[in-house]
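Trainee: Hey, got a minute to walk me through a new structure? I'd like to get my bearings.

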Amino acid sequence: MTGPEQSRVPFVAASPQGMVVAGGLPAHVVYVLRLGDDNLVMAQRLGEWISRGPDLEEDIALANVALDHLGQARALLAHAGALEGMGRTEDDLAMGRAERDVHNLLLVEQPNGDFAHTVARALFLDAYQVELWRVLSGSGDATLGGIAAKALKEARYHLRHSSAWAVRLGDGTALSHARMQAAVDDLWRFTFEPFAADAVDLAAAASGVGVDPEVLRAPWDARIDAVLTEATLERPSDPYQRTGGRQGFHTEHLGHVLTELQWMQRTFPGLHW
Amino acid sequence: MSYDVPRMAGDAAWTEHDADDHARRPGDEGSGPMWEVFVRQRRGMSHVHAGSLHAPDAETALLNARDVYTRRSEGVSVWVVPSSAVTASDPDNAASMFEPFAEQPYRHATYYDIPDEVGHM
């Protein structure tokens, strides 16, 4: 999974100045990059549904949500580039980084699967992002706070949409219930990572820029439990959990996502149209 | 494009059921009944018919209407109404229903000459 050995900065370490650095970047930059990457990859995944939605209306709905995530990704990556101060633009960051330097949650890179998997993945992410953006609206980083306040409105709609589908499928026919339960079970192992703090999160929280993700867990649990109950779905009891995306250790799926996303810029660098 | 869609118990039954009961027919495209969508563009204006869509229930119809008909900032309020609740005039009766009014210009205020002394009405 890690590929060839590369000489690189240990992912999280204390710099000589005492500033937490990750992959050679300050914690503040990595913190914003991570949130940007969640949205970049989610946008790409949802975009894969275009022209393949279950019906015309849902096809457009999924594209709308994808565009919301893309807009959030653009704002966050542009901000991360500005914070880094090395002249990297949002496009450089989206199109020029390889797998190990991309920090999205493992959840969002998982394949679309059947529609139930797409709904479960969105539900888990939306419930997390609603809490995240709500808290980050008061970030000490005013730009991040502004992005979060705008994203919160979008995330609330996303959560309404994914919750409605989870309930409709879960409390639907025997088949839709079975598929929805299978999707929730399949993706459950990726629902610990959003709340697993590492040194970057703790440094960002300590400086007032970010939030210790652990505090987002209780409201997420309450929201998910309410939706699962209304959808007549079982909350999975499997304790097995996967992490690593935040640190650049991904499942086999992200490479394929990036290949499609970045192909044009890697083939024709700097191409504009 | 093939997706990694898990086969579930009941898939075969669904296929048969789908072919049997969910054959495409006007007004039911397999994703629920038709709904008429009315959008209010700005505060103070009326809701205006924007189009129609398919949805299995009212909540979905409302979300779909938002996504399909207001995504370019066309609205501040949306109504959805089951198409089956709409009673429409019969186009075959259009002549008797509407044409008489075209022959009655005196129904328009502009038909009348207003004396100058009246000023603005």
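Mentor: Sure, we'll go through the cores, a couple of helix pairs and one loop residue. Keep in mind that this is a predicted model.

Trainee: Okay, how many residues are in the largest nonpolar core?

Mentor: That core has 75 residues. The ones with the most contacts inside it are A:V32, A:V119, A:A120 and A:A166.

Trainee: And which helix gives the most to this core?

Mentor: Helix 5 of chain A, residues 115-136, which puts in 14 residues.

Trainee: Which residues is A:V119 in contact with, leaving aside its neighbours within four places in sequence?

Mentor: A:V119 is in contact with A:S162, A:W165, A:A166, A:L169 and A:A183. Apart from the largest core lies another one, of 12 residues. Among its members are B:W35, B:A61, B:V78 and B:V80.

Trainee: Back to helix 5 of chain A. At what angle does it pack with helix 9 of chain A?

Mentor: About 140 degrees, with the axes 9 Å apart; helix 9 of chain A covers residues 217-230. The two helices are therefore oblique to each other, and their crossing is right-handed.

Trainee: Which residues meet there?

Mentor: From helix 5 of chain A you have A:L123, A:A127, A:Y128 and A:E131. In helix 9 of chain A they meet A:P219, A:W220, A:R223, A:I224 and A:V227. By class, that contact divides into seven nonpolar, no polar and two charged residues.

Trainee: Switching topic: how do helix 1 and helix 8 of chain A cross?

Mentor: Their axes come within 9 Å and cross at roughly 110 degrees, with helix 1 spanning residues 27-47 and helix 8 spanning 199-206. That crossing makes helix 1 of chain A roughly perpendicular to helix 8 of chain A.

Trainee: What makes the contact?

Mentor: On the helix 1 side of chain A, the residues are A:A27, A:H28, A:V30 and A:Y31. Helix 8 of chain A brings A:V200, A:D201, A:A203 and A:A204. In this contact, six residues are nonpolar, one is polar and one is charged.

Trainee: Last one. Where is A:G85 found?

Mentor: A:G85 sits in the loop between helix 2 (56-84) and helix 3 (90-96) of chain A.

Trainee: Buried or exposed?

Mentor: A:G85 is exposed, because it has 9 other C-beta atoms within 10 Å, and 12 or fewer counts as exposed. The C-alpha atoms of A:G85 and A:V29 are separated by 9.7 Å, though the two are 56 residues apart along the chain.

Technical notes: Residues numbered from 1 in each chain as written. Chains lettered and ligands numbered in written order. Predicted model: local features only at pLDDT ≥ 70, side-chain atom pairs only at ≥ 80, totals over all residues. Core = buried A, V, L, I, M, F, W, Y, C linked by C-beta atoms within 7 Å. Buried ≥ 20, exposed ≤ 12 C-beta atoms within 10 Å, placed from the backbone. Helix = DSSP H or I, 4+ residues; strand = E, 2+ residues; numbered from the N terminus. Contact = placed C-beta atoms within 7 Å. Axes fitted to C-alpha atoms, helices over the stretch in contact; angles between N-to-C directions. Parallel < 35°, antiparallel > 145°, perpendicular 65-115°, else oblique. Nonpolar A, V, L, I, M, F, W, Y, C, P; charged D, E, K, R; others polar. Left-handed = near helix turned anticlockwise from the far one by under 90°.
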